[in-house]
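The following exercises invite the reader to examine a molecular structure one topic at a time. Each task is followed by a worked solution.

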Amino acid sequence: MMKQQIPRLIVLVFGSFLLFQFFVPHESSEWIYEFLLDWNIIIGVFALAVGIWSLFNVHVEKIKIRKFGWKYSYVTVIGFVGMVTFGLTAQNGQEWGWFFPFLAAVVLTVLMIVQAGASKGNALLFLGAAAFFALAAAVIAWLDTTWSFYFQTAVPLQSFMFRRMFDNVLVSLHATMFSLLAFFIASAAYRAFRARNVMASLLLIAALVVMSRFNPYLEPIFGEQVSRLSNWLMNVPNLAAQRAVIMGVGLGMVATALKVVLGIERNYMGKG
Amino acid sequence: MSRLAVVVFVLICAAFALSWAVRAGVTGGDHALREAFLVTLSAFMTLAIMSFMYRDNPYYKFAEHLFVGISAAYWMCVGFWSTIVGNLVPRISENLSEFFKVPYSGGGLDFDLFFLPYRYFYMIPIVLGILLLMRLVPKAGWLSRWPLAFIVGTFAGLNLIRYLQSDFVNQISATFVPLFVEWHGFGDFIGQLSLAADGQFVAMMTNLIIFLGVLCGLIYFFFSKEHTGWFGGASRLGIWILMITFGASFGYTVMGRISLLVGRLTFLFRDWLGIMS
Amino acid sequence: MGNLGIIIALALIGGGLLWLLIRAIRGKEVNRRLIFVFILVSVAAPILFTITFEMKPTPIVQALYDKIENLPEGSKVLLSFDFDPPMAPEVQPMADVVSRHVLAKKHKAIFMTLWATGQAQFNITLEEVIRRDFPEARDGVDYVDLGYKAGNEGVLNVIRTDFKKMFPTDVNTVPWDSLPILNGVRSCSDFDLIISLGGGKPGVKEWVLFVGDPTRVPTAGGVAAVVAPMLYPYYPGQMCGLLGGIKGAAEYENYFRDNHPRYAGMTTPAMLMMGPQTVAHVVILAFIVIGNVLYFVTRRKEVKR
Amino acid sequence: MRHKLKLVLVLVLCAWTTAAAQTDTVLIDPVSAAPVLPPPLPVTNLQAQDTDNDHGHAITLTWEKSADDGAGRNSVLAYEIFRWFPFQMDVVDALRKSVSETRDAVRAFRIDLPRAEHALRELREDPGKLRTLRFNVARPDDSTFQLTADYAIRALEDTIAFIREHGPILKNRIKPLQQDLEKALAELPQAYADYPRDGEWRSLGKALVGSTSYTNTGAKESTDKDFIPDYTDLYYRVEAITVDESIRSEAVTVGPVQSRGQWFHAGRVPVLGFVLMFFVFTLTFVQMAKKGANLYVRPLSGIEAVDDAIGRATEMGRPILYLLGLGDATQVSTIASFSVLGRVAKRVAEYQTSIIVPCYDPVVMAVAQEVVKSSYLDAGRSDDYKQESVFFVTNYQFAYVAAVNGIMLRERPATNIYMGKFMAESLLLAETGTLAGSIQIAGTDEIAQIPFFIVACDYTLIGEELYAASAYLGREPVLLGSLKAQDWAKVVIMAVALIGMLGTALGWPAFAQLLQVTG
């Protein structure tokens, strides 16, 4: 009962409320609506914790069972701890003081904890070490005034290390990963755009037309017609198909959402 | 680790050390070393990921795992600042928001709801959040279904209605295109029948095609009727139109993807190697 | 030197493709990695030795241009930077040129972002465009940056009815009421034009669905090429203009520069990017052709057997 | 035709009046010209009522144009709208201002104090730090002034002392100010009721010439500027003004009028209609299905592939990779994907092969764990379920992709299933999967990504098919019933579209207007 009925009830109540709220412009309904949205934001905060926990579990597990490529899990852990440290501290002045020893101590603390989790048997040893490093970190944090923790203002998000790690590591990794698409799109086009049957041919032709349109050099060769044709493709069949798909998807969404609210579809909610 | 791997590793280290030194020399000024290092680092990351195009290798693995760690941390920090500090704190308590130095959005005057200051009701989501944490406790894991149900439920209701309006009613009424564009009787129509792109005939054809296209597309998505006879024909037409569209949008996308590669290569050539203006 | 380089590079690519074509006729598949190499060269060469062309705007780009051009001076325009550095090569040029246009027409520009990463992107525009081309523009009077708020569509749902609730202060924690530019702005309905620049989610589509439609405020967008086709159905009914991918940006840059001589010297990243585009497109087209040749050859062989 | 005539007439009139004005001003000097332009006639039939379909705090004024607007003397430039404000509003505004200002000051102090102290410490240690000081000290306003270390130290000391002294005082001042504000607000209704005593008319703005309505929308929070209280008598006044602001028609006053929020949004009736339609369809067909009406569904190759794919994985002894996409648990496509995951996981459990579900969002992960667990339970193999098989990777698009690509190349899954919301990464994933030689089945409602899946995957569910998938796999009559409902909804759409189309074609737009959603 507690495991099944109550969640179903919650879904029904809040779902149908937000459904009908849409038709009630009155202040009070508006207010409750915004209030509920806030609730979701707040719950999201706790989801964060769940996520991080899972992340650590996975890697501890990997290290524990010496899974293929387990050594790299340390990289992940170190990267994570380091970045978090940057995200919560900031320099007060220009010089660094004992910041990097502190960083090392923190990282080592966490690594020791991970080891303790992963090790079979001598976990206590690692925990001891963790405690030691934690103490060291605490001492440095206490004595060193060149930098400090900023829980109050978002200063650390602008802090030097955080920004630099973001700009030089995160962004370049992200952007590069993204840019791989340029290669993949080519190989995919080569492999898949073959006139095997009507549909494949249509796919192929449309792609060819549109691609050759973005191409000032081909303009004189294919002439005005191609770009006109590709415009037509974009404005007529594309419009029709997009509209059909959008409607279909909208339909599917509405149906699914309705099933959820009515409790017909509850596969997303565990049983037992 | 094979001998070859070691050699390669050493060579790569040497290459990047060199580029670091050169870069530092070129930039000059104070912090030259640091800046040069950062650029070199990000160049290394770039190449490490690109090496994936050849095959999976230790450098890619390194970059990948670092990426996961750092990104998770980034997401956590931003989440902490923007969600906890930015959204939760200002709503629940004035003192806390004074501590966190964020404007207290409960407003100077809050009103009562069921005889309680309404901000107390923010305790409900907090409790739900704690229930979510119950996942970590094997015994009480099922409690976490309540918050999940809440999230799913509220947004099911919300999306239901929003999509119904925008993806549905609006799209339908958008299909109400006039079949007879500036219609002045049939004779007139025959009189000035032309294939000019902006002509009346073309405009009417366009509208007609769009309309039929939408219908056929919808027919293709019928699940509970056999696609045979005229119905099958229509649905085939529908999927053809879909395919044309997909081909077109594939072609359209190539452009964007190449821009991204351009971006990366520009970085390598200009900021790292400095071989272009 | 530049020309020589480009000629050599093009010759290399052309020769290589020809060779591959011959192999294809002989019925040999092309190695995946070879394709990658070709793409790399065809993109790298035009970057190192630049090429650019003139181009004229397509109607949907023109529409946005005219919209901004024809708004009465001092109208309030909301620009949302909903993209991140990886998308920047495509979207940043649009963001720059559109912001430049808005400020050049002396409109009030209100900047915000739905992406945590958008703030950094705006700072680039701030440095490269606003501070450089419009030194006279005052923060808080002619433009303001409201910064980032978490919550994706949630934010949109709130600001549709009550902007201040989500953005009590601007990014420099200047309280809302002491920002003259925001006088009379209570909800999204008080803007004359909303432009979302982005390629992901939340992005232009969300702006149209959650804000543009309900409030009936003209909404336009600048998006990465990948989402552009998906947004066509919303034009012109629910959107009043769209820049699709780097070509859209290039067209806009070109048109803007030609019609605003004052900014003749402005940087045109998008137009520069059309060179690699062109070559790479040709190469991919060539590969598709090769692929089909190969397909037919092999099929003929099978038929023979 | 008649409109044309009217237009011409109006134009002629305008021309004539302006011409007349010209000659006048030419004849005599502008100072005495003022009285020449007589005040325009006032607006007529001024009405004020609460704005419809809103949350209150707004009043809409309507009137009939002044006789001199576009016609007559054609001297009207705009209409200026006034509202009667009790002076009490000023009291409220002043209090509100001081409350917020005090707050800001206190916050600023709290931020500045530690920085100032640190800066002071630094300077005391080493005056050379003056260059890199992270605190801009107050300095006299003259260009010749040179900042010296000990001046800065003194300034900092002053600042700190000031903050230490005034910070608490200000902080204690906030509460009483707030109480005053509350009191002032409490007296507001009375002040409004006292019309026309203790108040004055204030301009709200101008409506352009030719316009016949104006909406005065106010804030709903009583703590906001331009807050309009609901259920309070308000009084409005409209004057027609001319080029010369001082020459204006006599004011027309209207009131009392009260603003209030509505409980139903009349403009959204069509949406409501569709919602009800859906309710009815879904419920009917679900009932029919329960009664056991046989429901045909056409085959979907992508769905049928799933079973073979799982079988293949079992033979090869390799795992199955299931991706829920980038959507969070609030997105419908993700919910649909959950139910597909449920079916797949059940089969996986039955075949006793293994499944890997890397997640992008912690909440999604939580749900997915529940789903997989309960599927194993259904299959009667709850002890085979490993919690680690459903794990969180990171909430950062391409980091997630990088990790998943790694998994594909190292675990070499026999089958990759992508269901849900996918963004730019779709092609990255699908191509890598092809390299790894896996069978790939994709389904997404992200139209922009469908092409890539079609190109790189073996089977692709297009748009709505994703939402049908779980019904197909489950074969539960209830879900099949809802499929039927969707189809009927499509029929309705087509019918409506057709009628609307013909309606517009045959110049009968009424029907199209039925579907107009306003606001």
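The exercises below concern a predicted model, and they proceed from whole chains to single residues.

**Exercise 1. Describe the make-up of chain B and of chain C.**

Solution. Begin with the elements of chain B: nine helices and two strands are present. Read from the N terminus, their order is α-α-α-α-β-β-α-α-α-α-α. Next, consider burial: of the 277 residues in chain B, 47% are buried. Then turn to contacts between residues at least 6 apart in the sequence of chain B; 24% of them join residues at least 24 apart.

Repeat the steps for chain C. This chain has eleven helices and six strands. Among its 305 residues, 54% count as buried. Of the contacts in chain C with a separation of 6 or more, 77% come from residues 24 or more positions apart. Finally, the C-alpha atoms of chain C fill a box of roughly 80 × 45 × 30 Å along the principal axes.

**Exercise 2. State the domains assigned to chains B and D, and give the separation of one pair in each chain.**

Solution. For chain B, the assignment lists domain 1 (3–55), domain 2 (117–174) and domain 3 (177–273). The centres of domain 1 of chain B and domain 2 of chain B, taken over C-alpha atoms, are separated by 47 Å.

For chain D, the assignment lists domain 1 (1–36), domain 2 (37–87 + 198–257), domain 3 (90–193), domain 4 (267–292 + 483–514) and domain 5 (301–475). Between the centres of domain 4 of chain D and domain 5 of chain D, again over C-alpha atoms, the separation is 33 Å.

**Exercise 3. Analyse the contacts that chain B makes with chain A and with chain D.**

Solution. Count the residues in the contact of chain A with chain B: chain A gives 100 residues and chain B gives 96 residues. On the side of chain A that touches chain B, helix 11 of chain A supplies the largest share, 20 residues. Sorted by class, the residues of this side are 76 nonpolar, 20 polar and four charged.

Now take the contact of chain D with chain B, which has 58 residues from chain D and 48 residues from chain B. Helix 13 (residues 477–505) of chain D gives the most to the side of chain D that touches chain B, with twelve residues. This side divides into 39 nonpolar, nine polar and ten charged residues.

**Exercise 4. Show how helix 11 of chain A meets helix 12 of chain D.**

Solution. First, the geometry: the axes of helix 11 of chain A and helix 12 (residues 464–474) of chain D come within 7 Å and cross at roughly 35°. Second, the residues: those in helix 11 of chain A include Gly248(A), Val249(A) and Leu251(A), and they meet Glu464(D), Leu466(D) and Tyr467(D) in helix 12 of chain D. Third, the classes: this contact has six nonpolar, three polar and one charged residues.

**Exercise 5. Check the length of helix 8 of chain A.**

Solution. Helix 8 of chain A has 16 residues, and at 1.5 Å a residue they should span 22 Å. The expected span uses one less than the number of residues. The end C-alpha atoms of helix 8 of chain A are 23 Å apart, which agrees.

**Exercise 6. Locate the nonpolar cores.**

Solution. The largest nonpolar core has 375 residues, and those with the most contacts inside it are Val152(B), Cys359(D) and Ala368(D). Helix 7 of chain A gives the most to this core, with 22 residues. A second, separate core has 14 residues, among them Ala48(D) and Ile59(D).

**Exercise 7. Are Arg66(A) and His57(D) buried or exposed? Explain the verdicts, and identify a cis peptide bond.**

Solution. Arg66(A) is not a glycine, yet has a positive phi of about 50°; this residue is in the loop between helix 2 and helix 3 of chain A. Arg66(A) is exposed because 10 other C-beta atoms lie within 10 Å, and the limit for exposed is 12 or fewer.

His57(D), also not a glycine, has a positive phi of about 60°. His57(D) lies in the loop between strand 1 (44–50) and strand 2 (58–64) of chain D. His57(D) counts as buried because there are 25 C-beta neighbours inside 10 Å, and buried requires 20 or more.

Lastly, the peptide bond from Tyr195(D) to Pro196(D) is cis, with omega near 0°. Pro196(D) belongs to the loop between helix 4 (149–193) and strand 4 (199–208) of chain D. For context, most residues other than glycine have a negative phi, and most peptide bonds are trans.

Notes. Residues numbered from 1 in each chain as written. Chains lettered and ligands numbered in written order. Predicted model: local features only at pLDDT ≥ 70, side-chain atom pairs only at ≥ 80, totals over all residues. Domains from an automatic or database assignment. Contact = placed C-beta atoms within 7 Å. Helix = DSSP H or I, 4+ residues; strand = E, 2+ residues; numbered from the N terminus. Nonpolar A, V, L, I, M, F, W, Y, C, P; charged D, E, K, R; others polar. Axes fitted to C-alpha atoms, helices over the stretch in contact; angles between N-to-C directions. Core = buried A, V, L, I, M, F, W, Y, C linked by C-beta atoms within 7 Å.
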